[in-house]
Amino acid sequence: MFQMSDIKITIIDREGVAHMVEAPTDMNMNLMEVIRIHELAPEGTIGICGGMAMCASCQCYMLSDHELPEKNFEEEDMLDQAFHVQDNSRLGCQIFITPELEGLELKIAPEST
Ligand code: FES
């Protein structure tokens with residue numbers, strides 16, 4: 001059910017299909033978890049490290065120009081070692097759902113294997 005604390009996010013899956021989904025801002029949820037809940041990437045291909053910034057399976061390309069939290073050291077380090085990295089790459093598990101992200105658009109990066 002849609003609640004006032006939900007925001008809308010557009011997620012383009014690895015096949016190029018766009019999905020508009022709702023995500024709660026009051027559950028300390030991150031983008032990787034939102035993608036998993038909506039089953040927008042096959043189980044086992046995203047969130048492998050459980051959101052510890054240690055696998056890069058949750059890499060996404062940020063398509064809208066929302067102001068995002070700065071990358072911490074772990075995220076920078078992981079993206080340095082990941083495949084398919086672009087200037088707009090972020091680790092989905094490191095971006096938490098907040099009201100500021102209303103209307104965010106992102107694309108899930110290809111699998112790295
Ligand atoms: S889930 Fe492993 S780095 Fe994000």
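Start with the surface of this predicted model: turn on a surface view, and you are looking at about 6,600 Å² of exposed area. Carbon and sulfur atoms supply 52% of that area.

Next, select the charged side chains. The protein carries 21 negative and 6 positive ones. If you mark the centre of each set, the two centres lie 4 Å apart.

Now hide the surface and switch to a cartoon. Five strands and two helices should appear. Follow the chain from its start, and the elements come in the order β-β-α-β-α-β-β.

Zoom out to take in the whole C-alpha trace, which spans about 40 × 30 × 25 Å along its principal axes. How does the radius of gyration fit a compact globule? The protein has 13 Å, and a compact globule of 113 residues would have a value near 13 Å, so the two agree.

Then look inside. Of the 113 residues, 42% are buried. Try displaying contacts as well: among those with a separation of 6 or more, 63% join residues 24 or more positions apart.

Finish with the cysteines. How many disulfides does a search of the whole structure find? The count is zero. Select Cys-60 and Cys-58 together: the sulfur of Cys-58 is the nearest cysteine sulfur to Cys-60, at 6.6 Å, and a disulfide needs the sulfur atoms within 2.5 Å. Is Cys-60 buried or exposed? Cys-60 counts as buried because its relative accessibility is 0%, under the 20% cut-off. Last, click on Cys-49, which is partly exposed, with a relative accessible area of 23%.

Definitions and conventions:
Residues are numbered from 1 along each chain as its sequence is written. This is a predicted model: local features need pLDDT of at least 70, side-chain atom pairs count only at pLDDT 80 or more; totals for chains, interfaces and linings use all residues. Side-chain values use heavy atoms; hydrogens and water are left out. Buried means under 20% relative accessible area, exposed over 50%, partly exposed in between (1.4 Å probe, protein chains only). Helices (H or I, at least four residues) and strands (E, at least two) are DSSP runs, numbered from the N terminus. The radius of gyration is taken over C-alpha atoms; the globule rule is 2.2 Å times the number of residues to the power 0.38. Contact means heavy atoms within 4.5 Å. Accessible areas come from the Shrake-Rupley method with a 1.4 Å probe; for residues, only the protein chains shown count as cover. Lys and Arg count as positive and Asp and Glu as negative; His and the chain ends are not counted. The place of a charge is taken as NZ of Lys, CZ of Arg, CG of Asp or CD of Glu.
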